[in-house]
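Me: I should like to look closely at one part of this protein and at how it is joined to the rest. Please begin with a single side chain and work outwards from there.

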Amino acid sequence: MSLCEHALTARLPLPSSSTPVYKEECTQCFDDQDMAEGVDVCLTCFNGGCPGSPYNHAHQHSMKSGHHLALNIRRVAKTASETDEQRPAKLTKLEIKEESDGDKYEYQTFVRCWGCAGGAKVESGLENIEPTVQAVIHAVEASKGQEIKAWAEEVTACEHFGSLEQKPVEGFGLDKLHQCSSCDKHENLWMCLSCGHVGCGRRQYDGSGGNNHAVEHFQTTGHKVSIKLGTITPEGTADAYCYVCDDNRMDPQLSTHLQAFQINVAAQQKTEKSIAELQLEQNLRFDFSMTTADGKDLVPMAGPGLTGLRNLGNSCYLASVMQCVFSIDRFRDRYFPTASDHFATCTQQRPAHCVLCQLHKLANGLWSGRYAELEHDADGNAGHQRGISPVHFKAAIAKDHYEFSTMRQQDAFEFLQHLTKQVDIVERGVAGGAQNPTKVLDFTTEERLQCTECKKVRYKTQPSNSVSLPVIKRPIDGAEEDSAQQTFAPVELAECLELMTGEETVEGYNCPYCQHPTVATKSTRFATFPKVLAVQVRRFELVNWVPQKLAIPVQVPLGNIDLESYHGSGSQPEEELLPEDEPVSSPAGEQQEQQVDEEVVVQLESMGFPRVRCVKAIKKTGNCGAEAAMNWIFEHMEDPDIDAPEPEQQPQQTSVASITVDPAAVEQLMAMGFPKDRVERALGQTSGDANRALDRLLSSADSDDDSAMANSEAEATRDDSANATNFKLTGFVSHKGTSVHCGHYVASVRHGLDDTGKWFLFNDAKVVEQPEPQPEQAYVYFFTRID
């Protein structure tokens with residue numbers, strides 16, 4: 001150890017309770033504190049880095065940032081004899097303590113200086129360093145709490161806790177709080193905050209749990225709120241429930257309310273698991289059957305491209321999509337093994353906040369094989385791998401999103417759409433998007449519209465990166481019509497494609513040639529075909545305004561599929577084109593109307609919602625996808641104006657050119673690769689709203705002459721083809737469960753396009769070979785074009 005100049009003169013900050021401290025895992029790879037080299041935590045910015053080969057991200061961080069001092073933390077599991085010695089011989093009190101890592105692990109720490117040769121160790125106990133060292137040791141890991149929070153419901157307060165009339169019931173005493181007043185139950189006890197009555201919880205469907213005495217007390221007395229005894233903490237938190245709202249709630253005045261019953265919050269000890277902990281326990285026990293049709297266990301696998309992703313809590317949708325996405329050559333080759341090039345030039349201070357850093361990290365974790373090792377039991381039998389945790393990736397890719405930043409279960413297809421949008425945004429700032437892997441999903445659709453009266457036609461092309469297929473509902477004879485377990489006859493994938501590309505009738509079409517309302521026909525086909533076609537199958541419908549999953553088997557060939565019959569033909573010589581619609585004049589040059597995603601409108605309409613509600617919900621939720629819009633519709637179902645069309649926006653009386661735009665917003669969008677003139681025009685057309693301007697830039701092509709170069713560069717990076725139409729299924733995401741709101745996602749991925757290619761099943765961290773893939777009940781499919 002040495003007394004280096006850097007240590008003696010260091011002035012180090014103390015991390016606050018809100019400062020992220022990355023001390024369990026490197027933010028640029030998946031090396032963690034359990035490895036032999038441990039993790040170095042920067043004592044200036046609290047970034048976590050691996051100090052050993054092959055990456056040595058801690059040293060790189062020091063050289064790049066000038067932050068030389070780091071605390072090395074290594075965690076070593078205690079032996080069974082050590083943990084047994086610490087276990088008390090007899091439990092004298094029912095107490096569920098938060099099991100600390102100190103009970104299971106020993107922590108080895110030392111300070112090192114990367115400004116000195118080889119990252120030399122620094123003498124411990126220096127008074128200018130030690131406070132920061134101790135603060136880091138006792139700080140909560142940046143991603144800690146995510147697992148409990150992942151399963152916890154978003155609990156809020158309600159007005160029923162603010163209007164309590166409290167009067168302890170006759171005979172109330174603290175000695176009565178350990179047993180239900182109506183039976184002999186001693187656990188899962190709920191105390192009424194109005195009178196102090198103690199009752200047991202609800203009986204579960206299997207007969208376990210309580211005897212319903214707490215809820216029966218509410219039904220008898222009308223006392224609205226209660227708290228769960230045993231979950232009260234000295235910090236003033238506890239599980240609380242409102243029977244009027246019929247939901248878990250937060251009591252912001254818990255300490256005051258408990259004083260009415262002479263209960264001192266500061267003296268309480270948590271003795272039972274909270275609802276969040278119980279939910280975590282229950283959900284982590286969810287295990288998808290990984291056996292063959294004849295009951296044989298599927299063989300656990302591990303290796304490059306066969307690395308599992310641990311469930312963070314309701315994150316199976318993310319894990320399944322990312323396994324499929326990183327099986328696509330363009331995605332894998334873009335981010336692996338190219339991480340070092342990006343890390344050397346990344347300008348983000350915190351790698352954990354950089355989407356590109358986390359994409360490189362995740363690709364390396366999945367494809368290097370470094371973290372894919374099967375674990376073995378005491379007898380040497382191979383089990384499943386531990387997998388890697390995508391917690392940093394999820395935080396970066398979902399930052400500030402309406403739904404994905406929460407810990408609720410999400411829709412896998414909507415996450416795929418969000419992912420491609422975010423990757424497209426960050427890639428535009430790298431060499432003009434020349435390496436953007438999302439282009440592999442891009443293609444063009446051709447819409448053909450024909451007036452049935454004058455027979456003239458119009459063609460329109462639209463860029464897209466996925467298709468959403470309807471399914472044909474054919475109940476099997478004898479099945480109950482209203483049964484949630486209703487069975488349906490299988491449909492062919494070709495039938496779904498024909499339904500999507502077939503003609504539909506448009507009533508009341510205002511024909512610009514006939515000059516009066518007519519009937520038109522419309523069809524949508526492929527103008528070009530992507531290198532990888534992402535397909536969603538809409539397996540849901542509304543029953544009494546409740547979305548229900550439809551278990552309709554879709555028969556998808558595992559071999560070659562030719563999509564030529566769904567290829568648009570373009571304008572034909574014998575066809576006459578409809579005249580263009582006259583543009584609607586506006587003093588502003590263009591309406592400021594907020595655009596809506598028509599694909600999301602179609603999804604919602606297919607579930608039975610009226611179009612006016614769909615459009616309104618999409619606008620209200622900021623174009624954040626079908627699930628967010630659907631939730632908004634359910635929440636506002638009783639609004640008197642739910643079916644009233646949104647008022648048309650009045651034209652602005654100033655020109656777009658005269659609108660002053662925020663220079664910071666211009667700079668932000670230009671950093672994504674958009675030309676300055678397009679950025680300023682988009683901001684002017686959206687009243688300076690950067691998010692709406694970005695959507696406009698991403699969704700609309702620029703026809704101005706000065707964008708010709710940008711368009712030609714984008715054209716050069718396209719992967720779609722107007723001629724190659726043969727595809728093969730290479731991956732799919734399946735949803736296990738009867739409800740659209742819960743359940744579990746798994747992914748099946750094919751390695752190799754030829755006849756020797758093998759299928760593998762990814763169930764979070766577990767990976768097995770899948771000799772008999774079952775795409776019939778999949779939700780999202782990935783088809784790769786065979787050129």
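What is the relative accessibility of Arg386, and how is the residue classed on that basis?

Reply: The model is a predicted one. In it, Arg386 has a relative accessibility of 38% and counts as partly exposed, because buried residues must fall under 20% and exposed ones must lie over 50%. The side chain of Arg386 forms a salt bridge with that of Asp32, with N and O 3.3 Å apart. Arg386 belongs to the loop between strand E12 (382–385) and helix H14 (391–397), whereas Asp32 belongs to the loop between helix H1 (5–8) and strand E1 (39–42), so the pair ties together parts that are 354 residues apart in sequence. Unlike its partner, Asp32 counts as buried, because its relative accessibility is 11%. The two residues also belong to a network of salt bridges that links Asp32, Asp34, Arg75 and Arg386. As a general point, side chains of opposite charge can pair when their charged atoms come close.

Further salt bridges can be examined in the same manner. A search of the whole structure gives 22 of them. One joins Arg202 and Asp246, whose closest N and O atoms are 3.4 Å apart. Arg202 sits in the loop between strand E7 (198–200) and helix H7 (213–221), and Asp246 in the loop between strand E9 (240–242) and strand E10 (247–249), so this pair ties together parts that are 44 residues apart in sequence. Arg202 is partly exposed at 37% relative accessibility, and Asp246 is likewise partly exposed at 48%. Another salt bridge is made by the side chains of Arg408 and Glu403, at 3.1 Å from N to O. Here Arg408 is partly exposed, with a relative accessible area of 35%, while Glu403 is buried, with a value of 4%.

A charged residue can also be buried without such a partner. Glu446, in strand E13 (residues 443–451), is buried and has no salt bridge. The nearest side chain of opposite charge, that of Arg448, is 6.5 Å away, and a salt bridge would require a nitrogen and an oxygen within 4 Å. A polar atom of the Glu446 side chain does, however, lie 3.0 Å from the backbone nitrogen of Gly570. Beyond its close neighbours in sequence, Glu446 touches several residues, including Tyr459, Lys460, Arg525 and Gly568.

Aromatic rings provide a further kind of link. The count comes to 16 aromatic pairs. In one of them, the rings of Phe404 and Phe415 have centres 5.5 Å apart and planes at 80°, so the pair is edge-to-face. Phe404 is in the loop between H14 and helix H15 (412–427), and Phe415 is in helix H15, so the pair ties together parts that are 11 residues apart in sequence. Both Phe404 and Phe415 are buried. The rings of Phe443 and Phe526 also have centres 5.5 Å apart, but their planes meet at 45°, so that pair is tilted. This second pair links distant parts of the chain, with Phe443 in strand E13 and Phe526 in strand E18 (residues 517–526), 83 residues apart. Phe443 is buried, with a relative accessible area of 1%, and Phe526 counts as buried at 1% relative accessibility. Elsewhere, ring pairs join Trp190, Phe218, Tyr241 and Tyr243 in a cluster.

Burial can also be followed along whole elements. Helix H18 (residues 611–620) is mostly covered, with seven of its 10 residues buried. Among these are Arg613, Cys614, Lys616 and Ile618. The buried residues of H18 pack against helix H17 (598–606) and helix H19 (626–635). Just after H18, Gly622 adopts a positive phi of about 70°.

Strand E25 (residues 744–751) has seven of its eight residues buried, so it is largely enclosed by the rest of the structure. E25 pairs with strand E24 (residues 726–736) in the antiparallel sense over six bridges, and Tyr745 in E25 is the bridge partner of His735. Five bridges join E25 to strand E26 (residues 758–763), again in an antiparallel arrangement, and Ala747 has Phe762 in E26 as its bridge partner. E25 and E26 form a hairpin with six residues between them, and Gly752 in the turn has a positive phi of about 100°.

How values were computed:
Residues are numbered from 1 along each chain as its sequence is written. Side-chain values use heavy atoms; hydrogens and water are left out. Helices (H or I, at least four residues) and strands (E, at least two) are DSSP runs, numbered from the N terminus. Buried means under 20% relative accessible area, exposed over 50%, partly exposed in between (1.4 Å probe, protein chains only). Lys and Arg count as positive and Asp and Glu as negative; His and the chain ends are not counted. A polar contact is a pair of N or O atoms within 3.5 Å; within protein, one must be able to donate a hydrogen and the other to accept it, and residues adjacent in sequence count only if both atoms are side-chain atoms. Contact means heavy atoms within 4.5 Å. Two strands pair if DSSP finds at least two bridges between them. Rings of Phe, Tyr and Trp (its six-membered ring) pair if their centres lie within 6.5 Å; planes under 30 degrees apart count as stacked, over 60 as edge-to-face and the rest as tilted. Lists of a residue's contacts leave out its neighbours within four places in sequence.
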